Amino acid sequence: MAEQKTVLSPIPGVFYRKPAPDKDVYVKEGNTVKTGDVLAMVEVMKNFYEIKAETDGVLAQFFVEDEDLLDAGQEIAVIIEQ
Amino acid sequence: MIKVINPGLQTTIQDYGRIGFYEVGMPPSGAMDKYSYRASNLLVGNDENAAVLEITYMGPVLEFQQDVTVAIAGGEIPPKINDQYVPMWETLEVKAGDVLSFDFVKQGARVYLAVAGGIEVPLIMESRSTYTLCGIGGFEGRPLQAEDHLKIGNANQSKIAIGTRISDELIPVFSKTNEIRVVVGLCSYRLTEESKKRFFSIDWTVTTEANRVGYRFKGERLNFVEREQPFGAGSNPSNVVDLGYPIGSIQVPDGVEPIALLNDAVTGGGYATICTIISTDLDKMAQIKTNEKVRFVAVDINEALEARKLYKDKINQMKKQVLGQIGGINHG
Amino acid sequence: MTRYEYGGDEFIFVELAEAMSLETNFKAMAITKALREKKVSGILDICPSNASYMIRFNPDLIHPDDLISKLKELEQDVTLENFEITARAVDVPILFEDPWTHEALMRFRDRHQDPTSTDIEYVAHTNGFQSKEDLIKSITDAPYLVSMIGFVPGLPWCYQMVPNEKQIEAPKYVRPRTYTPERAFGFGGSFAVIYPVQGAGGYQLFGTAAAPIFEKEQRLHDFKESMTFPRQGDVFRYRSISMEEYEDIRKQVENGEFRYLTKDITFKPKDVLENPNAFSESVIRRLYA
């Protein structure tokens with residue numbers, strides 16, 4: 001049975017789906033991801049923190065838009081485990 | 001020794017601060033939330049000015065290479081020893097080989113880790129606090145990095161029994177919406193009456209530029225009284241002839257986004273300052289995160305001094321509680 | 001009219017005047033010097049600034065209103081009549097229009113009043129100089145009083161010791177730069193500054209100082225006692241140097257041999273105010289004698 005796993009941002013900050021403005025997104029919705037893959041980046045206090053997958057599966061959906069301001073602990077995506 | 005396996009987002013060594021050098025442009029640095037800082041030191045029997053780790057948003061992973069007493073106080077970033085949750089605001093015991101790590105931040109922004117004896121780094125201008133802008137103090141003048149090894153000093157005065165804790169009513173609760181008290185003054189005459197009112201009547205959102213230097217807020221534009229700029233001030237209406245900035249003072253460069261200056265801030269400059277956060281509420285400010293809300297509340301100097309007195313009373317109660325438990329831990 | 005203001009419960013801010021002048025700065029120095037000599041308990045920091053000063057104190061030891069009363073008394077008692085300043089005259093070598101600040105200022109043209117010119121061309125123009133060389137001559141002809149220290153450790157605000165009508169004025173950047181190289185020589189309002197360390201900044205950039213004004217390692221002779229070199233009351237003479245001399249000084253700094261050319265001086269603000277030109281000439285004569 002496929003389990004859903006929510007991805008949280010451990011820190012508050014600006015949410016980025018791309019490594020740089022002129023680059024592609026790290027992961028598209030519907031893509032498979034492996035444990036350790038970078039899903040997104042959060043910027044706070046001029047630090048960039050990479051959010052990584054903690055499970056293998058399909059990244060079903062992002063809940064936040066690129067460049068949205070996040071709260072600490074906010075749900076940013078859901079992965080359906082495989 | 002303590003080995004840094006993972007440094008966390010921004011972990012620095014801080015003590016009470018580098019006091020008395022403001023005149024040469026040296027900001028105090030030091031622990032941002034002094035109340036939690038004091039609690040952590042108190043719980044391990046340290047000097048009031050002992051150096052601790054200040055942890056912001058995301059905790060480090062640390063391996064202890066010796067047995068030592070520790071205490072963790074401040075924002076709720078739940079600590080774990082060898083993956084088992086351990087309480088905050090309580091005297092804890094760690095053994096050589098134990099690994100301390102932290103869960104996601106639940107509330108607040110900063111947590112303090114004190115070890116009995118304090119973190120030992122050289123004194124720079126009478127303080128061990130890290131000031132990253134100039135790269136002085138703390139561990140080589142910078143935030144911790146993986147593979148750093150921290151020495152433990154001998155700044156402890158008394159032995160505190162394991163399990164000693166601060167009672168719940170003395171533990172602050174942190175919220176996503178906050179009131180911060182300020183004394184209006186300095187160059188507040190530069191703001192229009194309307195903008196002064198607006199400053200106190202809207203919720204300001206903390207931006208991502210919120211760190212030890214200062215917090216920047218988003219809200220709405222504020223306006224300055226029109227005038228012919230005085231000689232030497234510069235042309236923007238938010239400019240004044242360069243002057244000293246009190247710690248906790250708030251300025252609004254170009255009227256756009258207010259900035260509250262904190263422990264590592266610039267000590268002076270050419271922007272009109274409009275009010276100052278009262279000393280007791282600087283601790284509260286330090287526990288506010290990006291994207292949380294702040295409402296500024298004007299108080300007069302007597303209210304500020306009264307708040308200061310209540311704060312000192314709380315610290316004294318905390319002291320009594322912890323030091324009172326030295327002989328009385330086995331009663332219950 | 002002097003304004004006494006609370007900076008929260010731990011600071012008092014005193015604005016002697018809204019506009020900058022040598023006289024106001026001397027007055028701030030005189031008051032803060034007298035206060036220092038009084039050794040009032042509870043005072044943690046005394047920070048004289050350009051046209052104001054600021055006190056950090058412990059309100060558990062002295063009530064802010066009592067402190068304000070003391071400061072008001074001092075303001076009444078202190079005069080410039082017999083006030084003397086003992087300080088240093090210092091030769092401060094500057095490489096104008098150097099490649100490093102040029103690179104920095106070109107990167108932030110979108111934050112400048114005039115994106116089509118350089119900072120020095122812009123300020124030369126707005127101050128009515130024929131050329132940037134004339135502006136450099138005006139900056140280097142007369143010495144500057146270190147009127148305030150701050151922003152970051154050791155940054156000297158410097159105000160030229162010339163009559164008001166000869167003062168140079170420059171606006172600050174429309175939006176501050178996020179980068180300024182270490183030792184950049186800048187100008188904003190009516191002040192010349194040297195940035196001690198790399199960082200943000202909003203002053204117009206004209207050049208680079210060859211020698212440091214902040215040295216955390218404290219290797220050089222001039223930094224043995226303090227990481228910061230400038231002191232309020234010092235008189236800095238900015239001297240335009242060639243790339244050759246710049247490189248020579250950099251070598252001396254690197255091998256630890258550099259020492260600022262300084263002369264101890266004592267002067268009366270009253271004399272400076274009465275005849276700034278004569279004072280300037282005498283300082284330069286003494287410095288290079």
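This passage walks through the chains of a predicted model, starting with chain C and ending on a single residue of chain B.

Chain C is a mix of helix and strand, with eight helices and 14 strands. Its radius of gyration comes out at 19 Å, close to the 19 Å that the globule rule gives for 289 residues, so chain C is as compact as a globular protein of that length. Laid along the principal axes, the box filled by its C-alpha atoms is roughly 55 × 45 × 40 Å. As for burial, 60% of the 289 residues of chain C count as buried. The contacts in chain C also reach across the sequence: taking those between residues at least 6 apart, 66% join residues at least 24 apart.

Turning to the surface, chain C exposes about 11,900 Å², and 46% of that area is supplied by carbon and sulfur atoms. On the charge side, chain C carries 34 positive and 45 negative charges, and the mean positions of the two sets are 3 Å apart.

Chain C splits into two parts, with domain 1 covering 3-77 and domain 2 covering 86-288. Domain 1 of chain C puts 10 residues into the contact between them, while domain 2 of chain C puts in 16 residues. Taken over C-alpha atoms, the centres of these two domains of chain C are separated by 27 Å.

Next come the neighbours. Two pairs of chains touch, and the pair with the most contacts is B and C. Chains A and C, on the other hand, do not touch, and 12 Å lies between their nearest C-alpha atoms.

Chain B is divided as well, into domain 1 (2-172) and domain 2 (177-299). Here the C-alpha centres of the two domains of chain B sit 29 Å apart. The contact between them involves 28 residues of domain 1 of chain B and 20 residues of domain 2 of chain B.

Zooming in on one residue of chain B, B:Asp281 belongs to helix α3, which spans residues 279-286 of chain B. With a relative accessible area of 3%, B:Asp281 falls under the 20% cut-off and is therefore buried. Leaving aside residues up to four places away in sequence, the residues that B:Asp281 touches are B:Glu179, B:Ile180 and B:Arg181.

Terms used:
Residues numbered from 1 in each chain as written. Chains lettered and ligands numbered in written order. Predicted model: local features only at pLDDT ≥ 70, side-chain atom pairs only at ≥ 80, totals over all residues. Heavy atoms only, no water. Helix = DSSP H or I, 4+ residues; strand = E, 2+ residues; numbered from the N terminus. Rg over C-alpha atoms; globule rule 2.2 N^0.38 Å. Buried < 20%, exposed > 50% of the residue type's maximum accessible area, 1.4 Å probe, protein only. Contact = heavy atoms within 4.5 Å. Areas by Shrake-Rupley, 256 points an atom, 1.4 Å probe, with all protein chains shown as cover. Lys, Arg positive; Asp, Glu negative; His and termini not counted. Charge placed at Lys NZ, Arg CZ, Asp CG, Glu CD. Domains from an automatic or database assignment.
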